[in-house]
Amino acid sequence: MKNSKIFGSTLIIAGTTIGAGMLALPIASAGIGFSTSLMIMLGLWFLMAFTALLMLELHQHADSKATLHTLAKQILGKKGQLLTSFSMLFLFYSLCAAYIAGGGAQFSDRITSWTGSDINPQIATILFTLIVAVIVTFGTSTVDKVNRVLFITKLITMVVVLSFLAPNVTQGYLLSMPIQQGFVIAAIPVIFTSFGFHGSIPAVVNYLDGDTRSLRKAIIIGSSIPLVIYIFWQIVTLGVVSQEQLIENSGLSSLINELAITVQQSNISQIVGIFADLALLTSFLGVSLGLFEFLADSVKSKTNKVNRSFAALITFTPPLGFALFYPQGFIMALGYAAIALAILAIFLPVLMVYKVRKSDEYQADYQVFGGQPALIITSAVGVLIVSAQLAISVGLLPALG
């Protein structure tokens, strides 16, 4: 029973990590090449696994059912809780905006290929958002049923895509080096966002009853699975499309088209597109459900009833507005999500661990390695990630995608 729970927790962490961010990796890495992107991925995986273990250390000082809000309020007070709430909203809205922008473009292409007639991209984006909004509004049970089918199909198509792209890998493409140093720094926020799973940690802690040894195993293995899959994905994408083509066709739809062209079989070409659609859709369903439930809980009436239509309106309207004004904003929105994720997954855990360790009442069976120097280095990397995204925003670093 215990091993079954560890296995399930490992899959929850892996499943939370693997999503539409995977599609952004080749676009973000186009200007830096495979070897440089591999080093960045390894470094950011280590960073995120480390901060996840910091959160595990923190959970020793709270009930196993404690959420990130609870921990922030308990250790940092009301201001810490408010910062957590704001960051979560920022992260959820940014991710939803990215998924609507990317999913709307894909949905438009899919309708065109099915019907043979063009559809206005903005109308396709609205339809795509409405479909997801209806599923989410019906509730978690509906999302769960739909997501199970989509997730299993996504895994099957991913295996098919990887197996058919692999024989087309050209070694020379993988040896490409960064075109300019600015691209190396600019790629970090998007790659960082692809390793975000910290929102699932409280649920996993509760599921494993706070057992530290089991949780460490679930976190390390669960975060390593996406790393391995990402490495294979980078090999088959950066290895089958030249660096020049990737940079010239830097949008999500362009990437999918280039991959489909490489596999010169019409059925497999469609599977490449379907995999991208499912990656976006499963990620969008999960994130939008989290945002919907968060907002629905915030707008309860005095009778404790939730107006689900109003909750859906405030959940989907802001990110839809972004996607309509910035239809190519998939990578841009993921970059901004990195700022909120840095707060939630780096700065808050580091600050809370520092405060708890300084407390006179500090007693813990488990403490993450590295001591004070590790906390300082982690914070410095967090500053680098946020600074990189802000530099992109003001034009000091090249924009990706």
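**Exercise 1. Get a feel for the whole chain.**
Work out what share of the chain is buried, and how the overall build looks.

*Solution.* Start with burial: 52% of the 401 residues in the chain are buried. Keep in mind as you go that this is a predicted model. Next, look at the secondary structure: there are 16 helices and zero strands. Then check the dimensions. Along the principal axes, the C-alpha atoms fill a box of roughly 65 × 55 × 50 Å. For 401 residues, a compact globule would have a radius of gyration near 21 Å, and the chain has 21 Å, so the two agree. Finally, turn to the outside: the accessible surface is about 18000 Å², and 64% of that belongs to carbon and sulfur atoms.

**Exercise 2. Look at how far contacts reach along the sequence.**
Take the contacts between residues at least 6 apart in sequence: what percentage join residues at least 24 apart?

*Solution.* The figure is 84%. For an example, pick F7, which is in helix α1. F7 and I221 are 214 residues apart in sequence, yet their C-alpha atoms are 9.5 Å apart in space. Now try the opposite case with I6 and I32: they are 26 residues apart along the chain, and their C-alpha atoms are separated by 37 Å.

**Exercise 3. Find your way around the largest nonpolar core.**
Which residues touch the most other members of this core, and which helix gives the most to it?

*Solution.* The core holds 136 residues, and Y99, F192 and F330 touch the most other members. The helix that gives the most is α15 (residues 330–358), with 19 residues. Now zoom in on F330. Skip the neighbours within four places in sequence, and F330 is in contact with A20, L23, A24, A98, Y99, A101, G102, L252 and L280. One of those partners, Y99, is also on the list of residues that touch the most other core members. As background, nonpolar side chains tend to be buried together in soluble globular proteins.

**Exercise 4. Decide how enclosed helix α12 is.**
How many of the residues of α12 (residues 252–262) are buried?

*Solution.* Go along the helix and pick out the buried ones: L252, S253, L255, I256, E258, L259, A260 and T262. That makes eight of the eleven residues, so α12 is largely enclosed by the rest of the structure. You've already met one of these residues, as L252 is among the contacts of F330.

**Exercise 5. Compare three residues of one helix.**
I6, T16 and F7 are in α1. Is each one buried, partly exposed or exposed?

*Solution.* Sort by relative accessible area: under 20% is buried, over 50% is exposed, and anything in between is partly exposed.
- I6, at 8%, is buried.
- T16, at 39%, is partly exposed.
- F7, at 54%, is exposed.

Next, see what they touch, leaving aside neighbours within four places in sequence. I6 is in contact with L208, S214, K217 and A218. T16 is in contact with G196, F197 and S200.

**Exercise 6. Visit two loops.**
Where do I179 and D209 lie, and how exposed are they?

*Solution.* I179 is in the loop between α7 (171–174) and α8 (181–193). Its relative accessible area is 49%, so I179 counts as partly exposed. Not counting residues up to four places away in sequence, I179 touches G31, Q243 and I247. E244 is 65 residues from I179 in sequence, with 9.9 Å between their C-alpha atoms.

D209 is in the loop between α9 (201–207) and α10 (212–238). At 59% relative accessibility, D209 is exposed. Now check the backbone: phi of D209 is near 55°, a positive value in a residue other than glycine. Most residues other than glycine have a negative phi.

**Exercise 7. Track down the aromatic rings.**
How many aromatic pairs does the whole structure hold, and which residues form one aromatic cluster?

*Solution.* A search of the whole structure gives nine aromatic pairs. F107, F128, F284 and F316 make up one aromatic cluster. To finish, look at Y207: the charged end of K5 sits over its ring, 5.2 Å from the centre.

Conventions
Residues are numbered from 1 along each chain as its sequence is written. This is a predicted model: local features need pLDDT of at least 70, side-chain atom pairs count only at pLDDT 80 or more; totals for chains, interfaces and linings use all residues. Side-chain values use heavy atoms; hydrogens and water are left out. A nonpolar core is a set of buried Ala, Val, Leu, Ile, Met, Phe, Trp, Tyr and Cys residues joined through side-chain atoms within 4.5 Å. Buried means under 20% relative accessible area, exposed over 50%, partly exposed in between (1.4 Å probe, protein chains only). Helices (H or I, at least four residues) and strands (E, at least two) are DSSP runs, numbered from the N terminus. Contact means heavy atoms within 4.5 Å. Rings of Phe, Tyr and Trp (its six-membered ring) pair if their centres lie within 6.5 Å; planes under 30 degrees apart count as stacked, over 60 as edge-to-face and the rest as tilted. A charge sits over a ring if NZ of Lys or CZ of Arg is within 6 Å of the ring centre and within 35 degrees of the ring normal. The radius of gyration is taken over C-alpha atoms; the globule rule is 2.2 Å times the number of residues to the power 0.38. Accessible areas come from the Shrake-Rupley method with a 1.4 Å probe; for residues, only the protein chains shown count as cover.
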